[in-house]
Amino acid sequence: MSFTTELRQLISQLFDAATDKETIAKSAVVSSKIDEIEAEQKASKESYDALLKDYKDVVLHTSFKPLNASDKGADGPTASLDPNQAFEEALKQAMNQKQ
């Protein structure tokens, strides 16, 4: 049972138990709002289903060109890093900036 169906049943029970005009009118307003919510949910689901279908079409019908043997991506670092030398250079630069 969906939540909107459950809400409709609760509103129906309130409507059946209502004795004054104001409560009956409020029940009718709430019932119309439930109708609006259901219409909005239906439109949202239809939009989602269309988007899902389009996404599946794109995934299924898109092809990729394989990489050539020479196309290996970006080159790595060319020189090896000496951490001690890098620390000393950074320390020298910091000392020069303080002066």
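**Talking through a three-helix model**

Colleague: What makes Glu-36 count as partly exposed?

Modeller: Glu-36 has a relative accessibility of 46%. Buried would need a value under 20% and exposed a value over 50%, so 46% falls in between and Glu-36 is partly exposed. Please keep in mind that this is a predicted model.

Colleague: How do you know that Glu-36 and Lys-33 form a salt bridge?

Modeller: Their side chains come to 3.6 Å, counted from N to O. The limit is 4 Å between a Lys or Arg nitrogen and an Asp or Glu carboxyl oxygen, so the pair qualifies. Both residues belong to helix α2 and sit three residues apart, which is about one turn of the helix. Lys-33 is partly exposed too, because its relative accessible area is 46%.

Colleague: What other pair in helix α2 is set about one turn apart?

Modeller: Lys-26 and Glu-22, which lie four residues apart in that helix. Their side chains meet in a salt bridge at 3.1 Å, N to O. In total, the structure holds six salt bridges.

Colleague: Why is the contact between Arg-8 and Glu-38 called a salt bridge?

Modeller: The closest N and O atoms are 2.9 Å apart, and the cut-off is 4 Å, so the name fits. This pair links distant parts of the chain: Arg-8 is in helix α1 (residues 3–17) and Glu-38 is in helix α2, 30 residues away. Arg-8, at 28% relative accessible area, is partly exposed because that value lies between 20% and 50%. Glu-38, at 29%, is partly exposed by the same reasoning. A network of salt bridges joins Arg-8 and Glu-38 with Asp-35.

Colleague: Why are α1 and α2 described by the direction they run relative to each other, and what is that direction?

Modeller: Their axes come within 10 Å and cross at roughly 170 degrees. Angles over 145 degrees count as roughly antiparallel, so α1 and α2 are roughly antiparallel. Residues of α1 that meet α2 include Leu-7, Ile-11, Leu-14 and Phe-15. On the α2 side, Ile-24, Ser-27, Val-30 and Ile-34 are among them.

Colleague: Is Ser-27 buried or exposed, and how do you know?

Modeller: Ser-27, which has its place in helix α2, has a relative accessible area of 6%. The limit for buried is under 20%, so Ser-27 is buried. Leaving aside neighbours within four places in sequence, Ser-27 is in contact with Ile-11, Leu-14 and Phe-15.

Colleague: How much of the protein is buried?

Modeller: Buried residues account for 5% of the 99 residues. The protein exposes about 9400 Å², and carbon and sulfur atoms supply 58% of that area.

Colleague: What makes up the nonpolar patch on the surface?

Modeller: Tyr-48, Leu-52, Tyr-55 and Val-59 make it, and the patch covers about 430 Å². A nonpolar patch takes in Val, Leu, Ile, Met, Phe, Trp and Tyr side chains, so these four residues are of the right kind. Val-59 is found in helix α2, which spans residues 21–61.

Colleague: What pattern does the protein follow along the sequence?

Modeller: The pattern is α-α-α, with three helices and zero strands.

Key: Residues numbered from 1 in each chain as written. Predicted model: local features only at pLDDT ≥ 70, side-chain atom pairs only at ≥ 80, totals over all residues. Heavy atoms only, no water. Patch = residues over 30% accessible without salt bridge, like charges linked within 9 Å, V, L, I, M, F, W, Y side chains within 5 Å. Areas by Shrake-Rupley, 256 points an atom, 1.4 Å probe, with all protein chains shown as cover. Helix = DSSP H or I, 4+ residues; strand = E, 2+ residues; numbered from the N terminus. Buried < 20%, exposed > 50% of the residue type's maximum accessible area, 1.4 Å probe, protein only. Contact = heavy atoms within 4.5 Å. Axes fitted to C-alpha atoms, helices over the stretch in contact; angles between N-to-C directions. Parallel < 35°, antiparallel > 145°, perpendicular 65-115°, else oblique.
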